[in-house]
Every structure is written in structure tokens, then in C-alpha cells.
Amino acid sequence: MEDLCRLRYLRKFLKSRFFPFKNFVILSLTYIILINQLYSNPILLANLEYSNPNLKSLREDVKDNLKASRSRNSQHKLTRLEFYTYKVQKSDNFFTIMARTGMNLDTLSSVNNLASPHDLSTGQKMLIPNMRGIFSQKENQNESEENKNEIAKDFKIPAEKLIFDPNRSQWFIPGGELIGKEKMFFYGFAFSKPLLEGRLSSGFGKRNDPFTNKLTFHGGVDLAAPKGTAVYASADGKVDFQGKQGGYGNLIILKHELGYESRYGHLSKILVKKGNKIKKGDKIGEVGSTGRSTGNHLHFEVRRFSKRERPVFRNHR
Ligand SMILES: [Zn+2]
């Protein structure tokens with residue numbers, strides 16, 4: 001009985017007070033769902049055939065937006081920033097995807113946080129925006145006008161062209177390009193090999209762990225060399241850490257420009273101190289087998305903004 005009363009009361013309440021707003025509520029909800037769909041569900045590019053209508057409209061958008069981003073005329077507006085997804089196929093490489101989608105190197109590497117053109121694997125999902133440009137790498141970005149104006153000034157483009165991506169909390173700079181140094185890192189010209197000679201005994205990525213024999217992620221490359229082999233700084237930088245660190249054993253961490261760092265693990269000898277400024281090619285330590293290691297080798301690792309990246313060297317591949 002009581003329940004029935006409650007139900008009747010609810011019905012009455014809905015009819016009396018809520019009812020006038022019902023349409024408004026339904027409309028708002030639909031709007032929210034639609035907007036969410038648009039932002040969270042990128043458009044799928046099933047293939048990169050020129051006959052694919054999705055690819056066609058992507059390429060058209062890219063072309064129009066390129067003109068708009070270069071135009072100083074405020075009437076010439078960019079469309080909304082949208083993303084397409086594409087699953088990398090075995091026959092693809094970075095440059096074919098770039099050409100087919102009308103992108104440039106800067107856009108693809110920035111949007112997908114790629115370390116190098118080799119940093120693609122079959123089945124990997126790539127994001128392809130409907131305009132060329134890059135995400136700002138400035139720290140602590142937010143949607144404020146102040147932040148927007150700062151970044152616009154850095155890139156020398158009108159602030160109204162900048163687009164804030166709430167999912168990433170980053171500003172997108174339409175038509176923006178990587179600075180020369182970033183391209184150097186991307187092409188693998190920034191890092192040199194840390195050993196003069198050394199056999200690649202384990203690559204970057206998934207592998208069978210030598211201790212547990214389980215499939216694990218290897219965040220660097222292992223270069224086998226005799227104990228005492230000289231280890232050289234891979235790029236100019238500053239010593240951020242030197243000493244023992246868990247599985248790394250004796251470790252050196254060098255900080256470089258643009259959020260990059262390099263790590264040298266399992267060393268038998270460390271020849272530098274925290275705070276030392278280091279030039280590319282300086283001897284910083286010697287190969288060993290300290291920490292979680294099965295033999296003398298150097299574990300070399302590159303990180304950018306704390307994320308491990310596939311190391312690429314100029315004389316590599
Ligand atoms: Zn390793």
C-alpha cells in the first residue's frame with residue numbers, strides 16, 4: 001500500500017513540476033550524447049584507398065584547413081578539429097600513411113607521440129586529425145585565455161586559431177610545425193650509439209623475460225659488450241641521477257632538451273656525478289652486469305616526458 005502511494009506521489013510530481021521541462025531535458029540529453037559521440041568516437045578509416053569516401057572527406061578537410069590556417073583573413077575559418085583512426089597494416093610505413101592522408105611528418109608524430117618514423121607496428125591504431133598541426137608541449141596547459149595567448153605567441157599565430165583538446169588537456173596549433181631540434185630527435189639524428197661496438201642482444205618492445213620466461217615489455221635496448229667497455233653519452237645533457245637503482249643496477253640518467261632523457265644501466269663503473277654537464281660522446285661509465293642482468297651488457301633507454309620510446313640512432317637500421 002505504502003509503495004503504491006509513493007508511486008502515485010511520484011507520478012503526480014512528475015506531471016506537475018517536472019513535466020514542463022521534459023522536452024528540454026530530453027533535448028539536452030540528446031545534445032550531450034551527440035557531442036560526446038563526436039568527440040570520443042573518431043571516424044574509422046578502414047583503408048587508405050583513394051576511393052574510400054572517408055579518406056576523401058579527410059583529404060578535403062586537410063586541404064581546406066591548411067589554407068585556413070595559413071590565411072590571415074579571419075573570415076577564413078577552420079572546421080572543427082576531428083580525428084580519424086587507422087589501424088596500421090603490414091604493408092604500410094610512416095611515409096605512405098602520411099602521403100595518403102595528406103598529413104605531414106610533424107602532425108603524425110605529434111598527434112601519435114611517435115618517437116621516430118620506425119615507431120609503428122602492424123595493428124597499431126593511429127590518430128589522424130582533419131587538419132595539419134601539432135600539440136603544444138608546454139607544461140601545465142589549461143583552457144585559460146592566458147595560456148592560449150602564450151602559446152599563440154610562441155607559434156606566432158593568431159590566438160583564435162588555437163583549439164583546446166579537453167581529452168588531452170593540450171592546445172592544438174593548426175598549421176604548427178615541430179622545431180628543428182624535435183625533427184632531429186624524430187629522425188634519430190639526436191642520439192648516437194652509447195657504445196663503439198656492441199651486439200644488440202635484446203630489442204625494444206615485447207620479449208620473453210630472461211628470468212621468468214614470460215612475455216614482458218622491454219623498455220630499452222640491450223647492447224652486449226665485455227665488462228669495462230667504455231659507455232659514451234648519447235647526446236648533450238646533464239647528469240640527473242647516478243647510483244644504484246633496483247633492476248638497473250648502477251645507473252646513469254642524463255637529462256636532455258625537449259623532455260628527453262637517456263638511461264644507462266647495469267654499469268660496472270660510473271664516472272660522472274649528479275649535476276655534471278655532459279657532451280655527446282663523453283665517456284660516462286663502463287659496461288657491467290650489476291642489477292637484474294644475466295651477463296655483461298648495457299641497457300640503454302630513452303624516455304620523453306617519462307614515457308619510454310624506441311631508441312633510434314643515426315647509424316642504426
Ligand atoms: Zn635491458
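**Exercise 1. Find how strand S12 (residues 237-244) is joined to S13, and in which sense the two run.**

Step 1. S12 and S13 run antiparallel, and six bridges join them. Two strands count as paired if DSSP finds at least two bridges between them. Strands (E, at least two residues) and helices (H or I, at least four) are DSSP runs, numbered from the N terminus.

Step 2. Before going on, note the source of the coordinates: this is a predicted model, in which local features need pLDDT of at least 70 and side-chain atom pairs count only at pLDDT 80 or more, while totals for chains, interfaces and linings use all residues. Residues are numbered from 1 along each chain as its sequence is written.

Step 3. Take one pair across the two strands: Phe241 stands opposite Ile253 in S13.

Step 4. Look at the turn. The hairpin of S12 and S13 has five residues between the strands, and Gly246 takes a positive phi near 40°.

**Exercise 2. Which residue of S14 is the bridge partner of Leu254, and how many bridges join S13 to S14?**

Step 1. The partner of Leu254 is Ser262.

Step 2. Five bridges join S13 to S14, and these strands run antiparallel.

Step 3. The hairpin of S13 and S14 has four residues between the strands, and Leu258 in the turn has a positive phi of about 55°.

Step 4. Compare a further hairpin. Strand S8 (residues 205-208) and strand S9 (residues 215-218) are antiparallel and joined by four bridges; Asn208 has Leu215 in S9 as its bridge partner. Six residues lie between S8 and S9 in their hairpin, where Asn213 takes a positive phi near 65°.

**Exercise 3. Is S13 mostly covered or uncovered, and which element gives the largest share of the largest nonpolar core?**

Step 1. Five of the six residues of S13 are buried, so the strand is mostly covered. A residue is buried if 20 or more other C-beta atoms lie within 10 Å of its own, exposed if 12 or fewer, and partly exposed in between; the C-beta atoms are placed from the backbone.

Step 2. A nonpolar core is a set of buried Ala, Val, Leu, Ile, Met, Phe, Trp, Tyr and Cys residues joined through C-beta atoms within 7 Å. The largest one here has 28 residues, of which Val231, Ile252, Tyr264, Leu267, Ile284 and Leu298 touch the most other members.

Step 3. Two or more residues of this core come from each of helix H7 (180-187), strand S10 (221-224), strand S13 (250-255), strand S14 (260-267) and strand S18 (297-304). S13 gives the largest share, four residues.

Step 4. A second, separate core has 17 residues, among them Phe94, Ile128, Trp171 and Ile173.

**Exercise 4. Describe the open sheet of S1, S2 and S3, and the helix that packs on it.**

Step 1. The strand order is S1-S2-S3, and the pairing is mixed. Strand S1 (43-45) and strand S3 (125-129) stand at the edges with a single partner strand each, so one side of each has no neighbour in the sheet. The twist averages 35° from one strand to the next.

Step 2. Strand S2 (residues 83-87) pairs with S3 in the antiparallel sense over five bridges; Tyr84 stands opposite Ile128 in S3.

Step 3. Helix H3 (residues 53-70) packs on the sheet and touches S1, S2 and S3, its direction making about 110° with that of S1. Such angles run from 0 to 180 degrees between N-to-C directions, with axes fitted to C-alpha atoms, for helices over the stretch in contact. Residues are in contact if their C-beta atoms, placed from the backbone, lie within 7 Å.

**Exercise 5. Which residues of H3 are buried, and why do they line one face?**

Step 1. Leu55, Leu58, Asp61 and Asn65 are buried in H3.

Step 2. Seen down the axis of H3, the buried residues fall within an arc of 120°, so they line one face. The arc is that of the directions from the helix axis to the C-beta atoms. In general, an α-helix has 3.6 residues a turn, so residues three or four places apart point the same way.

Step 3. On the other side of H3, Pro53, Lys56, Lys67 and Arg70 are exposed.

Step 4. The cover over the buried residues of H3 includes S1, S2, helix H4 (94-101), S3 and strand S6 (170-174).

Technical notes. Two residues are in contact if their C-beta atoms, placed from the backbone, lie within 7 Å.
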